[in-house]
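Thanks, everyone. I would like to take a few minutes on a pocket and then on a helix, so please have a look at the model first.

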Amino acid sequence: AAYPHHQTSEKLSIAAEPMETDEQTQEPFGKVNPYRYGVLPVLIVIQNDGPDAIRMDRIQFSYTLPDRTRVEATPAQDVRFIHGTRAPQGLPGPTGGIRLKKPPKNPLAEWEIEGRAFAAKMLPAGQSASGFVYFQVPRSSQAATVSISGLVNAVTGKELYYFEIPMSGN
């Protein structure tokens with residue numbers, strides 16, 4: 001509830017915080033700002049204040065822009081392949097041969113991208129879970145929403161309502 005963009009339903013609170021600026025991404029990702037490479041990291045925090053555990057093994061995330069364009073979350077292990085691979089470039093060598101120049105390191109291949117991803121599969125009563133979800137969006141927007149579905153009460157087997165968190169804080 002301390003986050004500006006949050007929603008609570010059935011004693012389950014979910015907050016979403018987009019990370020766009022270098023200042024926001026410096027602590028979790030170091031020098032790499034994924035948003036500069038077309039990947040918007042959104043911090044998801046889920047707090048279970050209910051009496052039952054919540055299964056999250058079928059959780060799904062989507063990002064909806066104001067024009068109703070819906071973007072599904074990119075799995076963290078696939079983020080490094082978003083821009084494809086680069087072939088090494090050939091440079092003329094000193095003896096007339098061709099020397100291969102190594103391509104620059106992929107900034108989206110840093111361990112922090114996968115290491116800090118949202119990975120919880122079960123959330124016991126009274127506990128919280130957090131991690132990043134990644135969206136390939138051309139731009140972020142204050143009028144966008146993050147939708148979360150696939151949460152199931154582990155005791156009753158009943159699926160919880162989906163959550164729609166507006167990024168405007170309203």
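By a pocket I mean, on a 1 Å grid over the protein atoms alone, an open set of points where a 1.4 Å probe fits, with protein on both sides within 12 Å along at least five of seven lines, and its lining residues have an atom within 4 Å of a point. Grid points are joined across faces, edges and corners, and a volume is the space filled by probe spheres set on the points. This is a predicted model, in which local features need pLDDT of at least 70 and side-chain atom pairs count only at pLDDT 80 or more, while totals for chains, interfaces and linings use all residues. Residues are numbered from 1 along each chain as its sequence is written, and side-chain values use heavy atoms, with hydrogens and water left out.

The largest pocket holds about 370 Å³ of space, and among its 20 lining residues, Phe61, Thr74, Pro75, Ala76 and Phe118 lie nearest the centre. β10 gives the most to that lining, with three residues.

Now to helix α1, residues 22-29, where helices are DSSP runs of H or I of at least four residues and strands are runs of E of at least two, numbered from the N terminus. Thr25, Pro28 and Phe29 are buried there (under 20% relative accessible area, 1.4 Å probe, protein chains only). They lie on the same side of α1, because they cover an arc of only 75° around the axis, taken from the directions from the helix axis to the C-beta atoms. On the other side, Glu23, Gln26 and Glu27 are exposed, that is, over 50%.
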